[in-house]
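Student: I'd like a close look at one part of this model. Could you walk me through the disulfide and the strands that go with it, in one go?

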Amino acid sequence: QVNVVESGGGLVQPGGSLRLSCAASGGFSSVHNMAWYRQVPGEQREFVALVVDDGTTNYTDSVKGRFSISKISARNTVSLQMNSLKPEDTAVYSCNTVVWDFWGLRRPYWGQGTQVTVSS
């Protein structure tokens, strides 16, 4: 079993900052990549940012220059630093972790999500 746990959401004013963290633990060989997605009620889940085990990162256009994803490989942890937040960043942010299992297969796991609200 693999557990994915997010933390760090909350309420922030426009222009403010928040830092989200995601930690993966349990039965797997190693992490292939960790990513953040977000979803607003009634809309489809949207990709936000990803970091691969080799350090490669990718961002959706709307957060480039404002958000930064980083990993701590030894702890199977990823963080998402969110700066210059806008009301349209309000959503439930979920962490997706793709791990290598002990049979050489990649398997995705989701956390439960954390609410980020940007409002004055």
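Tutor: The link between C22 and C95 is left-handed, with -80° about the S-S bond. Bear in mind that this is a predicted model. The two sulfurs of C22 and C95 sit 2.1 Å apart, and a search of the whole structure turns up 1 disulfide. That pair ties together distant parts of the chain: C22 belongs to strand 3 (residues 18–26) and C95 to strand 9 (residues 91–100), with the two cysteines 73 residues apart.

Are the two cysteines buried or exposed? C22 has a relative accessibility of 1%, so it counts as buried. C95 comes in at 0%, so it counts as buried as well. The cut-off behind both calls is under 20% relative accessible area.

Now over to R38, which lies in strand 4. You might expect to find an arginine out in solvent, but R38 has just 6% relative accessibility and therefore counts as buried. Its side chain makes a polar contact of 3.0 Å with the side chain of D89, and another of 3.3 Å joins the side chains of R38 and S62. Setting aside neighbours within four places in sequence, R38 is in contact with a list of residues that includes Q44, R45, E46, V48, F67, A91, V92 and Y93. Two of those names lead on to the strands: A91 falls in the range of strand 9 (residues 91–100), and E46 in that of strand 5 (residues 46–52).

So what does strand 5 pair with? On one side there is strand 4 (residues 30–39), which pairs with strand 5 in the antiparallel sense over 6 bridges. Within that pairing, N33 has V52 of strand 5 as its bridge partner. Strand 4 and strand 5 form a hairpin with 6 residues between them, and G42 in the turn has a positive phi of about 85°.

Strand 5 also pairs with strand 6 (residues 57–59), again in the antiparallel sense, over 3 bridges. Here A49 stands opposite Y59 of strand 6. The hairpin of strand 5 and strand 6 has 4 residues between the strands, and G55 takes a positive phi near 100°.

How enclosed is strand 5 itself? Of its 7 residues, 5 are buried, so strand 5 is largely enclosed by the rest of the structure.

Notes
Residues are numbered from 1 along each chain as its sequence is written. This is a predicted model: local features need pLDDT of at least 70, side-chain atom pairs count only at pLDDT 80 or more; totals for chains, interfaces and linings use all residues. Side-chain values use heavy atoms; hydrogens and water are left out. Buried means under 20% relative accessible area, exposed over 50%, partly exposed in between (1.4 Å probe, protein chains only). Two strands pair if DSSP finds at least two bridges between them. A disulfide is a pair of cysteine sulfur atoms within 2.5 Å. A polar contact is a pair of N or O atoms within 3.5 Å; within protein, one must be able to donate a hydrogen and the other to accept it, and residues adjacent in sequence count only if both atoms are side-chain atoms. Contact means heavy atoms within 4.5 Å.
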